[in-house]
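Visitor: I would like to learn how to read a structure like this one. Could you walk me through it?

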Amino acid sequence: MPDTEPDGLKWQTEVWKRMSSLYADEWDERFAPIVRAIIDRGKLAHGDSVLDLGSGTGSVAMRALDAVGPRGSVVGVDLSEEMVAVARERVADRGLDNLTFRQGRGESIPASDQSFDVVLSSLTLMYVIDRAAAAKEIARVLRPGGRLIAAVWAGPGECDIVRFQQAAGSFGDSPPVPGVGPGALADPTPLIKQLADAGIGASFESEVFEFEFSDFRSAWDAMAGVTTSELSADRQREAQSAVLELMYEDGDRARRFRNLTHFISAQT
Ligand SMILES: C[S@@+](CC[C@H](N)C(=O)[O-])C[C@H]1O[C@@H](n2cnc3c(N)ncnc32)[C@H](O)[C@@H]1O
């Protein structure tokens, strides 16, 4: 485990706490096609027991529940108490006892051995600080023959959200922990090796997904507002000008973001 882990965890907890309030408004709809692609690749069957790792506001977990039906069950686990609270709130009026959300980390999943048929993880594993530990944990909680499907972003050359976030992020302090961030699994082969070391054979395929923002300001607020909020007003303006110049060749107008996304599939 990196010795910067406690600082990294504190920083991440704060970032996701602040993201939780805008996530449902800004991201749930834009990420919905990726969520559908994960569910399709998961080939969930009625009665399956599913873990949604990095469940955020619960979009994957809720769709997974529809697929596994009343005899199945879904547990969402997320680092952020605030994300867990939003997810719980979203399903509160459905009175479900087979969909639960818990605070916890991929590095130490709060579940017993061999308790899931399928682990789904949407846009999360690139933020996990100790991915070798998470790979072992995924292997531990999956039943023999169980499956993992995880979506992660490609690199900045092929994935606009990563290019935007990395360009904006370059104006602030470096994250207190190395090797995490939106483009950290641009090359998924190190994770595939970590999964193999944990006893899970994995491979990946890639697909492009798009979403749109109506102008630069709304894109900035959603993609960089939280991570650049500590910068001085001057530095924020400097960062915004640089990202606008980098990514808005045709000026400030509606823009589609084209995001190559890797889907890692693994089986115990
Ligand atoms: C980009 S959001 C994705 C949320 C959701 N899966 C979706 O697709 O809408 C990433 C989520 O991963 C969570 N996360 C980050 N690191 C984590 C870790 N080590 N263990 C569990 N969750 C983590 C964050 O709190 C956040 O909710």
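Visitor: Let's start with the ligand. Which residues come nearest to the ligand?

Guide: A good habit is to list the surroundings of the ligand before anything else. In this predicted model, 21 residues lie around the ligand, and W16, G54, G56, L79 and S122 come nearest. Next, ask where the shell comes from: helix 1 (5–26), helix 2 (28–42) and helix 3 (59–68) are the elements that each give two or more residues to it.

Visitor: What is the chemical make-up of that shell around the ligand?

Guide: Sort the residues by type. The shell has nine nonpolar residues, nine polar ones and three charged ones.

Visitor: Two of those helices pack together. At what angle do helix 2 and helix 3 pack?

Guide: For a helix pair, look at the angle and then at the spacing. Here the angle is about 40 degrees, and the axes are 10 Å apart. Helix 2 and helix 3 are therefore oblique to each other, and helix 2 passes helix 3 in a right-handed crossing. On the helix 2 side, D28, F31, V35, I38 and I39 make the contact, while helix 3 brings S59, V60, R63, A64 and A67. Those contact residues divide into seven nonpolar, one polar and two charged.

Visitor: Now the whole chain. How many helices and strands are there in the protein chain?

Guide: Count the elements, then check the overall dimensions. The protein chain has nine helices and seven strands. Its radius of gyration is 18 Å, close to the 18 Å that the globule rule gives for 268 residues, so the chain is as compact as a globular protein of that length. Along the principal axes, its C-alpha atoms fill a box of roughly 55 × 40 × 30 Å.

How values were computed:
Residues are numbered from 1 along each chain as its sequence is written. This is a predicted model: local features need pLDDT of at least 70, side-chain atom pairs count only at pLDDT 80 or more; totals for chains, interfaces and linings use all residues. A residue is near a molecule or strand if its C-beta atom, placed from the backbone, lies within 6 Å of it. Helices (H or I, at least four residues) and strands (E, at least two) are DSSP runs, numbered from the N terminus. Ala, Val, Leu, Ile, Met, Phe, Trp, Tyr, Cys and Pro count as nonpolar, Asp, Glu, Lys and Arg as charged, and the others, Gly among them, as polar. Axes are lines fitted to C-alpha atoms, for helices over the stretch in contact, and angles run from 0 to 180 degrees between N-to-C directions. Angles under 35 degrees count as roughly parallel, over 145 as roughly antiparallel, 65 to 115 as roughly perpendicular and the rest as oblique. A crossing is left-handed if the near helix is turned anticlockwise from the far one by less than a right angle, and right-handed if clockwise. Two residues are in contact if their C-beta atoms, placed from the backbone, lie within 7 Å. The radius of gyration is taken over C-alpha atoms; the globule rule is 2.2 Å times the number of residues to the power 0.38.
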